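The exercises below are meant to be worked through with the structure open, one step at a time. Each begins with a task and is followed by a solution.

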Protein chains: 2
Amino acid sequence: MPAAHFPDSQDIQQQVKDRWNFLTKPPGSLGKLEELTARYAAIRGCAFPELKRKGLYIFCADHGVTVEGVSAYPSSITALMVRNFARGGAAINVLCRQFSIEAIVVDCGVNAPPEPGVIDRRIGSGTRNLACEPAMPRIEAELAIANGLGLAEEAVERFDIVGIGEMGIGNTTPATALLCALTDADPLVVAGPGAGLDAAGVERKARVIERALRLHNPDRGDVINVLAALGGYEIATMAGFLIGASRRRLPVVVDGFIATSAAMIARALSSDSIATAFFAHCSAERGHRIMLEQLRAEPLLDLEMRLGEGSAAAIAIAIIEASVRLYREMATFSDLG
Amino acid sequence: MPAAHFPDSQDIQQQVKDRWNFLTKPPGSLGKLEELTARYAAIRGCAFPELKRKGLYIFCADHGVTVEGVSAYPSSITALMVRNFARGGAAINVLCRQFSIEAIVVDCGVNAPPEPGVIDRRIGSGTRNLACEPAMPRIEAELAIANGLGLAEEAVERFDIVGIGEMGIGNTTPATALLCALTDADPLVVAGPGAGLDAAGVERKARVIERALRLHNPDRGDVINVLAALGGYEIATMAGFLIGASRRRLPVVVDGFIATSAAMIARALSSDSIATAFFAHCSAERGHRIMLEQLRAEPLLDLEMRLGEGSAAAIAIAIIEASVRLYREMATFSDLG
């Protein structure tokens, strides 16, 4: 996993390693759990960190590119799912209840009236069709990033760790387009079925992305421009959130394909911005593995999930919590005499 | 994963699949979580099963073969860890607290006086040295299996799901020997470091196993004999537990290398006995992957753990619980209108 490179990181990671070896177990026998605690502690800047207050942000938005038939579901499902989140009936709500994680729903630009109980950070009522014009003007990309930075500032006060996930019908298309723009990946190779396209649909989606890349000819040297041309409001907001969290040493568990595209944007904007990120899983969406390799991220889980919402991040938070609890609560051999 | 093949399994699995597709998510998007619920429901014989009462059994015993220098730790650590379990200071206690799982410690034959709070199913004070004589007389293997059957009968009344794990200094040696006896695997290839042997130690251990295999020349047609010659009290008890649980449709999450060796014995004794088993993870111990392949088991986690105790099983139980909660608690699209 990407190293946490704060000035005190090495020292803290060594302290954590030393303590693990005093606990009642063979050295190293908890495998990745031991590494997770070391990294978590390094991020928090404390060799005996707490992990109690857990949040999960679900960033929601609509996408103009859905008019191209790139999704198995109609755009209107986004608003329906936002209501589902607010009422507690979605997958992410169930997982957050089980693992005592507070779920926070953020409307970054859904094509529907604001929903009670949902944080309003709306940039618009969905992006434009990125196959024909920039998904958003540059100023909107900047505003969404600023929203993310602001939300991270609030999250720092309230949580020890947060997950980030999303909902937005059509959003595997911008995420795939961003992957292609940032890495030269071929849309025909990396485009996947998203929420459930058939083979013909996947090819159509790849052609739409090809068309968009030709149209915008995005310049990697101007990341905001890439994001504005091909991104989404929730992706831009998550990118800002990651940057803000990394500055304030808040651990962020990145969920799946879309959230990872935001991590790629964040890293391109500021190389340190994934220094506090954990990557929850490798999703079943084709391009995700490539993104994770690009970020040198080692995902924790591989349960063939491809739902988004933060669903894998919630499970990963429980595993990181387990690692910290083990580290804090296990007896030492000297306790046993 | 091995199919649950009760008379009503196919019907129930289909009902579960159908219900998953009514819930507010794209079909199949929860990946393995959807399969886990289908299998859990098929095992329970109910298309809308509960998963509330969770137990984790830690089977403990000592091993005479430790005199051959096959472990990085002295035998006396087994009794110390049993005390640690009873006091709540071990890794498995921490995990069970986090995930609301009841931990139950069973002394199957530790070389120490019985510990308060630990269930006494002692067969002896540790096995004999399997490199020189049978680890136990045949009657002891049978008694340990009977103990496991009895414990499973009690578990059926108390739990919806249980994990099985173990503690016993030296027990990767009998587990590896059983793997070799049941599959023709070569000790020099499959023996691993256990709790922390160096390369020379691993070779010594492999030679001890070779010697034992030559001495006993175990006949696969007589599984009890194989178990008596090369096994351990905790392994035999777990094998009995698995057989009992499968008869009573109790789901059992098998932890790591040692617990999986018990699953191999159980399956050799009765081919249906892993019909209710889930396999928690692929441990870092070399032979575990081979065992899992032999059993056609798909482990849930790969966190490079190699602790035992049921530590990976506890995390896997939380994930199976998540799958069942999602299935039971998520809204349907018609709930949303």
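**Exercise 1. Salt bridges within a chain**

Task: Find how many salt bridges a search of the whole structure gives over all chains, and then establish which partners Arg138(A) has.

Solution: This is a predicted model, and a search of the whole of it finds 44 salt bridges over all chains. One of these joins Arg138(A) to Glu142(A), with the closest N and O atoms 3.6 Å apart, which is within the 4 Å that a salt bridge requires. Both residues lie in helix H5 (residues 138–158) of chain A, where they are four residues apart, about one turn of the helix. Arg138(A) counts as partly exposed because its relative accessible area is 38%, and Glu142(A) is likewise partly exposed, at 35%.

The next step is to follow Arg138(A) to Asp222(A), whose side chain meets that of Arg138(A) in a salt bridge of 3.0 Å, N to O. Asp222(A) belongs to the loop between helix H8 (199–216) and helix H9 (223–230) of chain A, while Arg138(A) is in helix H5, so this pair ties together parts that are 84 residues apart in sequence. With 24% relative accessibility, Asp222(A) is partly exposed.

Task: Determine which elements of chain B are tied together by Arg158(B) and Glu102(B).

Solution: The closest N and O atoms of Arg158(B) and Glu102(B) are 2.6 Å apart, and the two residues form a salt bridge. Because Arg158(B) lies in helix H5 (residues 138–158) of chain B and Glu102(B) in strand S2 (residues 102–109) of chain B, the bridge ties together parts 56 residues apart in sequence.

**Exercise 2. Aromatic rings and a charge**

Task: Classify the pairing of Phe48(A) with Tyr327(A), and decide whether each of the two residues is buried or partly exposed.

Solution: The search of the whole structure finds 13 aromatic pairs over all chains. In the pair formed by Phe48(A) and Tyr327(A), the ring centres are 6.0 Å apart and the planes make an angle of 45°, and the pair is tilted. Phe48(A) lies in the loop between helix H2 (32–44) and strand S1 (54–61) of chain A, whereas Tyr327(A) lies in helix H13 (residues 311–329), so that the pair links distant parts of the chain, 279 residues apart. Phe48(A) is partly exposed, at 38% relative accessibility, but Tyr327(A) is buried, at 1%. The charged end of Arg19(A) sits over the ring of Tyr327(A), 5.3 Å from its centre.

**Exercise 3. The contact of chain A and chain B**

Task: Describe the contact by its residues, its buried area and its salt bridges.

Solution: Begin with the residues, of which chain A and chain B each give 49 to the contact. The area buried between the two chains is about 4100 Å², and carbon and sulfur atoms give 65% of it. On the side of chain A, Gln98(A), Leu303(A) and Leu336(A) lose the most area to chain B, together 15% of what that side buries.

Turning to polar features, two salt bridges are found across the interface, and Arg97(A) forms a salt bridge with Glu329(B), their closest N and O atoms being 3.1 Å apart. The interface also holds 18 residue pairs in polar contact. Finally, H13(A) gives the most to the side of chain A that touches chain B, with eight residues.

Conventions: Residues are numbered from 1 along each chain as its sequence is written. Chains are lettered from A and ligands numbered from 1 in the order in which they are written. This is a predicted model: local features need pLDDT of at least 70, side-chain atom pairs count only at pLDDT 80 or more; totals for chains, interfaces and linings use all residues. Side-chain values use heavy atoms; hydrogens and water are left out. Rings of Phe, Tyr and Trp (its six-membered ring) pair if their centres lie within 6.5 Å; planes under 30 degrees apart count as stacked, over 60 as edge-to-face and the rest as tilted. Helices (H or I, at least four residues) and strands (E, at least two) are DSSP runs, numbered from the N terminus. Buried means under 20% relative accessible area, exposed over 50%, partly exposed in between (1.4 Å probe, protein chains only). A charge sits over a ring if NZ of Lys or CZ of Arg is within 6 Å of the ring centre and within 35 degrees of the ring normal. Contact means heavy atoms within 4.5 Å. Buried area is the accessible area (1.4 Å probe) that two parts lose on being put together, summed over both. A polar contact is a pair of N or O atoms within 3.5 Å; within protein, one must be able to donate a hydrogen and the other to accept it, and residues adjacent in sequence count only if both atoms are side-chain atoms.
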